[in-house]
Amino acid sequence: MRRTRLKIIGIDCPSCVYAIERRLRSLGCVSSFKVEVSTGEAEVEYDDEKCLLKNVYEAVRDAGYDVYKEKMYFDLKSLSGEEAALLESKIRGLQGVFDAKISLTGVATVVYNPLETTPEDVASRLVAYGAKPLTAVAEKSVSLGEKTLLYRRVASFIIGLTAVSLSMYSMLNGGVQGWGAVSEKLLLPMAAAAIVLNYDIVARGLKSLLMLIPVMDSLIAVSVISTFTAGVASTIGLMHLHGGLHSSSFFEASAGVIGFVGLGKYLEERLRRRAFKSLEELASLLRGSVRVVVGDSVVEKPVSQLAPGEVVEVRAGEIIPVDGVVVEGSGYVDESSFTGEPVPRAKKAENRDPVLAGSVLNTGFLRVRATRVGGDLLIAQVIETVREAESVKPRLARLADKIVGYFTWIVLGLAAATFSYWSLLAGNLQMGVVFTAAVLTVACPCALGIATPLVVSIAVLKASRSGVLIRAGDVFEKILGSNTIVFDKTGTLTVGKPAVVKTHLLGNAGVESVLRMACSVESRSEHPLSRAIVEKCVSEKVEFPEPEEYVSIPGEGVYGLVEGIGVAVGNLELAERLGVPVSEKALRLVEEAGARGNTPVMVFINNEVEAVLEIGDVVKDEAASVVRALKERGFRVGLASGDVEASVKYYREALGLDFAYWGLKPRDKADLVRDMQRNGLKVVFVGDGLNDAPALAVADVGVAMGSGADVSKEAGDIVVLNNSLRTLTFLLDFSRLVKRKIVQNIAWAFAYNVVLIPLAMGVLYLSHRLFITPEMAAAAMILSDVSVLANALSVLRS
């Protein structure tokens, strides 16, 4: 089995999906088909032993749509005719190649999928067959129809608007003398021109209808053709008009409907592109060339050819092309695209600071060793999650999709019933045609179909800008349905790095003097506790000399001479070894520090205990306020940690948690989550994405905290890139906004169809003379679509 990603052109409503899926299924080799209506991104899984990508490509085109593709040209003049024919079939079997054709002049045209392969990859594989590239730049395959799309849509809209205006002028003036003949001469060619200018909509709609998979374009096509045919029939005398109607009424309807719909579809596409413009900008960052350090020289190579371990050079103002660590230089990097924080971050080689592809080096100079490239980049994961956000849909979206699947058939049935009633029972064929066309035009399955997926996709994109990576479209719904939040301790509620949290003085020496002596002997040690003490001196700007002597005693501490004075730093075992008496007060401080889950370290100067340093993990500044905010929202908040009982109990009391579990291994945390779920709780687990992976996987919602450089694809449903706990409250508020937008869109789409379809059928015509004409129905349908799109876009501004 092979899985491929496509970008389908021309798909604009969920009902269109069924036409494509049915054609793909008819191949007998396609096992799965998923598509995002809002972007056209599709994923197809097929048996490559039964069919080629070429067959999938042709099936999509047979359904009336097209696929985004690019072309390359190669010189194969050196090959014989038989060799060229054999090579043609081989090229078609290459991954990412849609089609290949070799002309009689020996020029090979290769059509490939830019979402699955690159021009460099295609060229390298064909060069192996003896082909010579005729151009180093792939040419986008843009048809004449695509190039003229805007002009055709605007022209048809002007024609339609003119036709409606002329007809209204006649109606308001009670019918101008001689208007009938003039109107036929003017409106018939105008309607025909409007239909021709929007041939793609009509052709696609009719093709889907003939395949018995009608889509929204099918309704428009039938409406336009039926009114145009009725107008022609009345003009040549095949249909006699009465009731104030004339043939221009039908031409006006067909021109107005197709003109309004054509421009409306163009505007919809522009709105969609605007929504995902930043996504395309992110994708563009994965292309181009970079400077790679090779020995003592710097060479340029394509980003696509980078490998982990290579060192790339980045100058001020440039975009960082890889995820990696700084190995040379320093500078300030703008990571706002990932963290949502506008202030650039300092990055230094001595700290081996991590950087992310897509961030911008504002000032300075960096050399970065690549740790992740290509599809493993964090930016690639952001793109992937936005594109796949609809794979798992919220409950409301699944309900809407089911309705859309039957909607078009229901509308066709209602249109048939409308025509039958007015033409047969009411005896008014003309009104039957008008009302039927209005029903076909006013129905709007698109507004219902895109109501949820577009909001979800835009919400995922918006979240990524705020430092949150969302992996599935149903996360917003799940997190609102949860009632219990379980935190890991180290690296989640705490900073995850030991630090000196308290200095207890016992002798006559001051804090600065104690730290100066302690840091001197600890500066030679690589132990985490030693580094914590040295960092305390650095942060307090306490300068310290090099020790004259240094001895490390494993499991106990360190000893040395500083300016001729004996200094030791360690535990009670070291005090016993050195024969230093420990006072009751010192013992009490050691015991109290241990009860708080911290590590006590004694500082001995001249064989006396001068201080007890309390070293522990530091609670994040926002932890207490976030826990309080979550409890105020009705959540039970607790802790699950592998730490010892005393430490976990201390944090439970300090943060006011509802419950706490200690001594848990990674698998134990997963079992704890399962037990809670069996008791009816909906659990959000918040961990560091590494040793908490089992618990993150089984929780209803798994939230992985990470700096971005530590993120893996298996981290959880949500990855918090900025490592801030406040993101949890943002997620809850943002999820409520997303749900509200989804409900608004679905409610609007339902209300629109429920109210206007009966009006279009003429239900109120006999009693109140209320009805809508086909061109009015077209305008209403487009406004419905645009309103749903605009409401979804408002998420970006939230």
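**Strands, helices and single residues in a predicted model**

Q: What makes strand 28 (residues 701–705) and strand 29 (residues 718–720) a pair?
A: Three bridges join strand 28 to strand 29, and the two run parallel. Pairing requires at least two bridges found by DSSP, so these strands qualify. Within this pair, Met705 has Val720 of strand 29 as its bridge partner. The model is predicted, so local features need pLDDT of at least 70 and side-chain atom pairs count only at pLDDT 80 or more, whereas totals for chains, interfaces and linings use all residues. Residues are numbered from 1 along each chain as its sequence is written, and side-chain values use heavy atoms, with hydrogens and water left out.

Q: Why do strand 17 (468–470) and strand 26 (659–661) stand at the edges?
A: The open sheet has seven strands in the order 17-29-28-27-18-25-26, with mixed pairing. Strand 17 and strand 26 each have a single partner strand, so one side of each lacks a neighbour in the sheet. On average, neighbouring strands of this sheet are turned by 20° against each other, direction ignored.

Q: Which strands does helix 26 (residues 666–678) touch as it packs on the sheet?
A: Helix 26 touches strand 18 (484–487), strand 25, strand 26 and strand 27 (683–687), where contact means heavy atoms within 4.5 Å. The direction of helix 26 makes about 160° with that of strand 27.

Q: Why is helix 24 described as it is relative to helix 28?
A: The axes of helix 24 (residues 623–632) and helix 28 (residues 726–761) come within 8 Å and cross at roughly 30°. That angle makes helix 24 roughly parallel to helix 28, the term for angles under 35 degrees (over 145 is roughly antiparallel, 65 to 115 roughly perpendicular, the rest oblique). Val626, Ala629 and Leu630 of helix 24 meet Arg726, Leu728, Thr729 and Leu732 of helix 28.

Q: How do you know whether Ser794 is buried or exposed?
A: Ser794 has 14% relative accessibility and therefore counts as buried, a term for values under 20% (exposed is over 50%, partly exposed in between; 1.4 Å probe, protein chains only). Ser794 lies in the segment after helix 30 (774–793), and its side chain reaches the backbone oxygen of Asn791 at 2.4 Å.

Q: What makes the phi of Arg769 notable?
A: Most residues other than glycine have a negative phi. Arg769 is not a glycine, yet its phi is positive, about 60°. Arg769 lies in the loop between helix 29 (765–768) and helix 30, and is exposed at a relative accessible area of 54%.

Technical notes
Axes fitted to C-alpha atoms, helices over the stretch in contact; angles between N-to-C directions. Helix = DSSP H or I, 4+ residues; strand = E, 2+ residues; numbered from the N terminus. Polar contact = N/O pair within 3.5 Å; in protein donor to acceptor, adjacent residues only side chain to side chain.
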